[in-house]
Number of protein chains: 2
Amino acid sequence: MHFARVAIETPDGPQARIVVADNGSPERWIDARAAERLRQLRRGATGSGAARLAAALIPGSLSAALEVGEAFLEAARAAAESSDEEAVAAPGARRLPSIDAVAYRDFMAFEEHFVTASRKLRGRDPEPVLYELPVSYFGNAHAILGPEDEIPWPHYSDHMDYELELGIVIGRGGRDMQPDEALAHVLGLTVFNDFSARDIQGREMAAGLGPSKGKHFASAVGPRIVTLDSLPSALAMTARINGEVWSQGSTGTIMWPIAELIAWASAGEPLMAGTLLGSGTVGGGCGVELGRRLNPGDVVELEIEGIGVLRNRLGVPASEGWMPTPRTRRAI
Amino acid sequence: MHFARVAIETPDGPQARIVVADNGSPERWIDARAAERLRQLRRGATGSGAARLAAALIPGSLSAALEVGEAFLEAARAAAESSDEEAVAAPGARRLPSIDAVAYRDFMAFEEHFVTASRKLRGRDPEPVLYELPVSYFGNAHAILGPEDEIPWPHYSDHMDYELELGIVIGRGGRDMQPDEALAHVLGLTVFNDFSARDIQGREMAAGLGPSKGKHFASAVGPRIVTLDSLPSALAMTARINGEVWSQGSTGTIMWPIAELIAWASAGEPLMAGTLLGSGTVGGGCGVELGRRLNPGDVVELEIEGIGVLRNRLGVPASEGWMPTPRTRRAI
């Protein structure tokens with residue numbers, strides 16, 4: 001089953017809608033709220049009653065929908081299988097981020113990437129802890145953009161890069177999960193681009209608090225979320241810049257399986273439904289590993305087998321912005 | 001003006017309520033939604049109309065309320081000044097986290113802390129970038145607890161610590177703010193405890209992605225948010241463990257002013273209303289700097305002048321939980 005989100009125009013401004021599709025016809029998108037409203041009408045609800053119930057069950061926010069849990073998933077499954085032509089989503093609607101994430105956490109689970117990136121960026125082999133724990137950091141969930149959105153180029157960077165990642169969408173929250181129960185908490189997989197500003201990232205990481213402004217300006221997710229039962233276990237991953245293939249990899253090369261990423265993310269802390277987990281970059285899946293960098297206006301297409309193509313154009317560098325004035329070290 | 005959140009019991013389970021107080025009587029808490037409902041009744045609304053409007057304007061989530069902006073703030077100010085005894089909140093209600101943050105970002109803005117902590121933990125002076133930029137990381141906003149909540153002690157740690165911080169609550173979102181406009185985006189200040197698991201923090205930080213699981217298990221915020229116009233510019237900060245004073249400092253020793261923290265947080269990325277920013281630990285404001293550590297059951301009280309006391313008890317260590325199995329390094 002497939003989930004996506006689109007924007008439709010209304011007298012109250014753009015409204016987000018969840019659309020769903022069945023494996024058998026993955027391009028036949030059903031407006032899930034419309035299908036649920038029609039289903040409730042057939043069950044005897046009045047027009048306003050059916051609309052009210054459908055809106056509560058299927059809001060525009062996928063994260064909010066997931067708060068309801070099984071009632072939402074049942075309705076979404078029924079919608080995906082609907083033969084009701086009236087519920088088919090209008091074609092051509094603007095695609096929104098597939099998940100409006102309540103939190104976003106990025107791992108570094110592909111060995112080839114962290115070995116190569118460490119050698120290129122720091123001139124040494126990676127730290128042993130990367131073989132002991134699936135290490136991660138939180139990013140800015142409010143800076144996650146959707147398919148075709150232009151990626152802002154922040155004023156504080158001259159060096160932009162992409163990162164080809166698998167996105168894991170948590171459908172059911174939990175805490176202290178074991179790996180063997182973790183996959184049942186996954187709504188599905190998507191394509192994720194962890195855009196990176198390598199110069200500020202390198203400067204800020206020296207402080208020890210993680211990549212910081214080097215990552216927070218933008219990421220992209222989409223174009224759809226596909227449930228695990230609809231996908232083979234190893235998926236080909238490709239990045240094309242302006243149509244040229246730069247990166248090729250496979251989700252099958254991951255060192256920390258998805259189930260262990262989820263278990264560790266939930267160890268001792270809440271992992272909420274609607275969280276987006278990034279796998280970390282696949283081996284060879286960013287410009288740093290290849291000795292290449294992005295230019296203003298470049299079109300970045302990330303493709304994962306069975307999911308689709310996430311396409312974004314990079315904007316031009318912001319002309320100006322505030323920068324801190326260095327402080328003087330005191331005697332302490 | 002003062003903001004807090006409490007839980008009341010209803011037939012639908014606990015319900016969060018925003019309560020407000022005026023500077024002149026900071027312990028006379030008004031239920032803001034009740035005051036607004038009564039105000040609309042006096043303006044001629046029916047009972048259900050007044051209740052509906054008040055609920056839309058003043059939900060239980062302070063972050064959701066802040067999405068409305070000025071209409072909410074006007075209603076909150078009117079409530080704080082209300083002489084309506086019927087709107088006074090019932091005493092003794094359980095206090096919730098003052099802000100249910102949509103995002104949480106922690107800085108390291110106090111020089112004495114990062115100098116001392118770097119020497120104690122890494123045996124060297126801090127990195128120069130800490131004098132060049134106010135560096136920060138995102139934490140788990142869903143693990144932020146409230147006053148009197150017990151702090152879970154995760155299974156993967158033997159070394160728990162507190163951090164005495166100023167919390168800055170963003171009331172109005174923005175992007176690319178200049179420092180001179182930043183303070184107008186602040187709802188108010190609060191007390192923040194960035195609980196830390198020092199052993200796992202040290203291990204994970206070696207990977208370069210930040211403090212990770214060493215921070216994400218829990219923080220605490222409260223007991224109230226006080227607007228800037230109600231506070232002097234430098235506030236005394238104190239930490240007491242089981243009643244004994246361990247830390248004393250002042251917000252006046254901050255190296256990066258609040259306005260610059262906000263400007264940098266918003267540089268090139270969205271800073272949402274309802275975000276909680278941590279100042280970073282005040283000098284001497286954690287056990288690592290003092291060569292001390294917390295024990296199970298310890299009561300940690302953080303106090304900031306003009307705001308109040310944030311009190312939490314540490315739980316006992318979780319007996320078991322999943323841990324990753326180390327991987328073998330491949331030849332790459």
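1. Let me start with a single pair of residues in chain B: Ile151(B) sits opposite Leu314(B), which belongs to strand 18 of chain B. Keep in mind as you look that this is a predicted model. The strands around that pair, strand 8 of chain B and strand 18 (residues 308-317) of chain B, run parallel and are joined by three bridges.

2. Now step back to the sheet that holds these strands. In chain B, five strands make an open sheet in the order 8-18-17-14-15, and the pairing is mixed. At its edges you will find strand 8 (150-153) and strand 15 (244-250) of chain B, each pairing on one side only. From one strand to the next, the twist averages 20 degrees.

3. Turn to chain A and look for its own five-stranded sheet. The sheet is open, has mixed pairing and follows the order 8-18-17-14-15 (chain A). Strand 8 (150-153) and strand 15 (244-250) of chain A are at the edges with a single partner strand each, so one side of each has no neighbour in the sheet. Here the twist averages 20 degrees from one strand to the next.

4. It helps to walk through the chain A sheet pair by pair. As a reminder, strands of a sheet pair through backbone hydrogen bonds, in either a parallel or an antiparallel way. Strand 8 of chain A pairs with strand 18 of chain A in the parallel sense, over three bridges, and Ile151(A) stands opposite Leu314(A) of strand 18 of chain A. Strand 18 (residues 308-317) of chain A is also joined to strand 17 of chain A by six bridges, and these two run antiparallel. Next along, strand 17 (residues 299-304) of chain A pairs with strand 14 (residues 236-241) of chain A over five bridges, in the antiparallel sense. If you want a residue to anchor that pairing, take Ala239(A), whose bridge partner in strand 17 of chain A is Leu302(A).

5. The turn between strands 17 and 18 of chain A deserves a close look. The bridge partner of Ile304(A) in strand 18 of chain A is Gly308(A). The hairpin of these two strands has three residues between the strands, and Gly306(A) there takes a positive phi near 85 degrees.

6. Next, a helix pair in chain A. Helix 1 (residues 32-42) of chain A packs against helix 2 (residues 47-57) of chain A at an angle of about 140 degrees, and their axes are 8 Å apart. The two helices of chain A are therefore oblique to each other. Their crossing is right-handed. From helix 1 of chain A, the contact takes in Arg33(A), Glu36(A), Arg37(A), Gln40(A) and Leu41(A); helix 2 of chain A contributes Gly47(A), Ala50(A), Ala51(A), Leu53(A), Ala54(A), Ala55(A) and Leu57(A). Sorted by class, the contact holds seven nonpolar, two polar and three charged residues.

7. Chain B has a helix pair to check as well. The axes of helix 1 (residues 32-42) and helix 2 (residues 47-57) of chain B come within 8 Å and cross at roughly 140 degrees. That angle makes helix 1 of chain B oblique to helix 2 of chain B. The crossing is right-handed. Among the residues that meet are Arg33(B) and Glu36(B) of helix 1 of chain B, and Gly47(B) and Ala50(B) of helix 2 of chain B. The contact divides into seven nonpolar, two polar and three charged residues.

8. On to the domains of chain A. Chain A is divided into domain 1 (2-95) and domain 2 (103-317), whose C-alpha centres lie 29 Å apart. Between them, 10 residues of domain 1 of chain A are in contact with 15 residues of domain 2 of chain A. On the domain 1 side, the elements giving two or more residues are strand 1 (2-8) and helix 3 (62-68) of chain A, and helix 3 of chain A provides the largest share, four residues. That side divides into four nonpolar, four polar and two charged residues.

9. Last, where do the two chains meet? In all, 59 residues of chain A are in contact with 59 residues of chain B. Among the chain A elements that give two or more residues are helix 5 (111-122), strand 6 (136-138) and helix 10 (258-266). Helix 6 of chain A gives the most, with four residues. The chain A side divides into 34 nonpolar, 12 polar and 13 charged residues.

Note on methods. Residues numbered from 1 in each chain as written. Chains lettered and ligands numbered in written order. Predicted model: local features only at pLDDT ≥ 70, side-chain atom pairs only at ≥ 80, totals over all residues. Axes fitted to C-alpha atoms, helices over the stretch in contact; angles between N-to-C directions. Parallel < 35°, antiparallel > 145°, perpendicular 65-115°, else oblique. Left-handed = near helix turned anticlockwise from the far one by under 90°. Contact = placed C-beta atoms within 7 Å. Nonpolar A, V, L, I, M, F, W, Y, C, P; charged D, E, K, R; others polar. Domains from an automatic or database assignment. Pairing = 2+ DSSP bridges.
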